[in-house]
Amino acid sequence: MNLRPDWYGTIRSAATALILTACAWHASSQSVYPSRPVVVRMAYPAGGPADSALRDVLPALQREIGQPVVVENMPGANGSIAAMNVQNAAADGYTLLGTVTSDLILAPLIIPTAKYKPQAFQPVGLLGSGDLVLLSSPAHDFKSADQLIEYVKSSGKELSIGNWGTGSLTHVAGADFAVRGGIKLLQVPYKGAAPIIPDLGSGQIDLGFAPMGGSLVGLVKAGIVKPVAIAADKRNPLLPDVPTINESKYVKDFTYAARSAIFAPPGTPEAVIARLNKAMNVYIVSAEGRARQAAIGASPLEPLSVKQMNELFQAESATMTRAANATKP
């Protein structure tokens with residue numbers, strides 16, 4: 001009879017238990033999100049409205065998820081360079097896209113090189129929202145949309161208008177304004193909103209649309225750029241003397257707003273999206289977040305669930321598609 005000592009069975013049982021425990025720990029650690037830094041690829045240059053909105057949210061977002069959030073600016077081609085990069089990233093929640101929702105929708109409709117489907121991305125949460133303001137260089141003194149339109153018509157001059165990329169929200173808004181006002185404007189594309197302001201201030205270009213938010217109000221009050229009119233239903237309390245474009249006798253029902261948001265790659269797990277959405281909403285409802293939005297003149301944000309974010313994105317997709325089709329030559 002060949003009997004093994006009792007200690008042999010005890011050691012084998014203990015070893016098996018250790019292996020099972022290690023496997024369970026590994027599986028558990030893999031399922032905890034996030035367990036390492038998260039990267040947000042921002043579709044515009046540093047210093048622009050969307051980039052500034054993201055950096056405002058960062059401290060609160062990092063506190064909530066317990067991990068660093070790194071911003072990588074990847075501008076160009078109306079945000080499509082960053083979008084295509086994130087589209088091909090691992091769908092694990094560690095690589096995200098920061099962009100303007102309308103630009104994500106518009107780029108594939110207008111730019112042949114934008115090879116992605118906007119609806120494949122998963123909306124996570126809003127960073128900011130601001131009505132577009134039509135600005136001019138200090139060389140002009142337009143007090144309303146009507147004054148601008150009448151100047152162009154009477155002088156026969158073709159003023160230049162900067163946009164933050166062909167196929168962008170500001171490109172479509174500028175084209176729509178020109179068509180409805182019955183004037184011609186020379187579109188000048190940039191890689192983002194940030195480079196437009198210096199060129200406006202120096203008179204390199206005549207006009208440009210920019211969203212309320214960031215440092216815009218300070219630039220207006222310093223006289224670096226001049227506000228002509230706001231593409232909104234009502235005037236902004238921080239610029240009470242600036243009329244809306246809808247007050248014009250030539251252009252009605254003209255509203256454009258830039259909503260910046262975070263998106264996740266196609267196929268990202270629902271639990272990861274929900275985790276990030278909850279963390280972003282904490283900032284939106286905080287006193288810090290409310291105060292920041294009011295101070296820069298941005299539109300007040302309300303917390304949106306993942307379902308509501310998807311509904312908002314679907315509605316904006318329909319609106320922007322119609323606008324893009326209406327302004328095509």
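Start with the whole chain: of the contacts in the protein with a separation of 6 or more, 78% are between residues 24 or more positions apart, where contact means heavy atoms within 4.5 Å. This is a predicted model, in which local features need pLDDT of at least 70 and side-chain atom pairs count only at pLDDT 80 or more, while totals for chains, interfaces and linings use all residues. Residues are numbered from 1 along each chain as its sequence is written, and side-chain values use heavy atoms, with hydrogens and water left out.

**The whole protein**

Keep everything selected and show the C-alpha atoms. They fill a box of roughly 115 × 40 × 30 Å, taken along the principal axes. Switch to a cartoon view to see 11 helices and nine strands. Helices (H or I, at least four residues) and strands (E, at least two) are DSSP runs, numbered from the N terminus. Now show the surface. The protein exposes about 15100 Å², and carbon and sulfur atoms supply 58% of this area; accessible areas come from the Shrake-Rupley method with a 1.4 Å probe, and for residues only the protein chains shown count as cover. Of the 329 residues, 51% are buried. Buried means under 20% relative accessible area, exposed over 50%, and partly exposed in between (1.4 Å probe, protein chains only).

**Strand S7 and its partners**

Select residues 207-211, which form strand S7. Five of its five residues are buried. Which way do the residues of S7 point? Leu207, Phe209 and Pro211 point one way, and Gly208 and Ala210 the other way. In a regular strand the side chains alternate between the two faces of the sheet.

Add residues 122-136, strand S4. S4 and S7 run antiparallel and are joined by five bridges; two strands pair if DSSP finds at least two bridges between them. To find one of these links, select Leu132, whose bridge partner in S7 is Pro211.

Next add residues 159-163, strand S5. S5 and S7 run parallel, with two bridges between them. Here Ile161 stands opposite Leu207 in S7.

Stay on S5, where five of five residues are buried. Leu159, Ile161 and Asn163 point one way from S5, while Ser160 and Gly162 point the other way. Then select strand S6, residues 185-189, which pairs with S5 in the parallel sense over five bridges. Asn163 has Pro189 as its bridge partner in S6.

**Ser260 and the largest cavity**

Select Ser260, found in strand S9. Is Ser260 buried or exposed? Ser260 is buried because its relative accessible area is 5%. Leaving out residues up to four places away in sequence, Ser260 touches Ala50, Ala53, Thr99, Val100, Leu126, Leu127 and Gly128.

Ser260 also leads to the largest cavity. On a 1 Å grid over the protein atoms alone, a cavity is a set of points where a 1.4 Å probe fits but cannot get out, and a pocket is an open set with protein on both sides within 12 Å along at least five of seven lines; lining residues have an atom within 4 Å of a point. Grid points are joined across faces, edges and corners, and a volume is the space filled by probe spheres set on the points.

The largest cavity holds about 250 Å³ of space. Of its 27 lining residues, Pro49, Ala50, Ala53, Pro211 and Ser260 lie nearest the centre. Helix H2 (49-65), S4, S9 and H10 are the elements that give two or more residues to this lining. H2 gives the largest share, six residues.

**The second largest cavity**

Select Thr101, Leu126, Met309, Leu312, Phe313 and Glu316, which line the second largest cavity. About 30 Å³ of space lies there. Four of the lining residues come from H11, the largest share.

**The largest pocket**

End with Ser129, Asp131, Ala257, Arg259 and Ser299, which lie nearest the centre of the largest pocket among its 34 lining residues. The volume of the largest pocket is about 760 Å³. S4, strand S9 (257-264), helix H9 (270-285), helix H10 (287-295) and helix H11 (306-326) each supply at least two residues of the lining. H11 has the largest share, with six residues.
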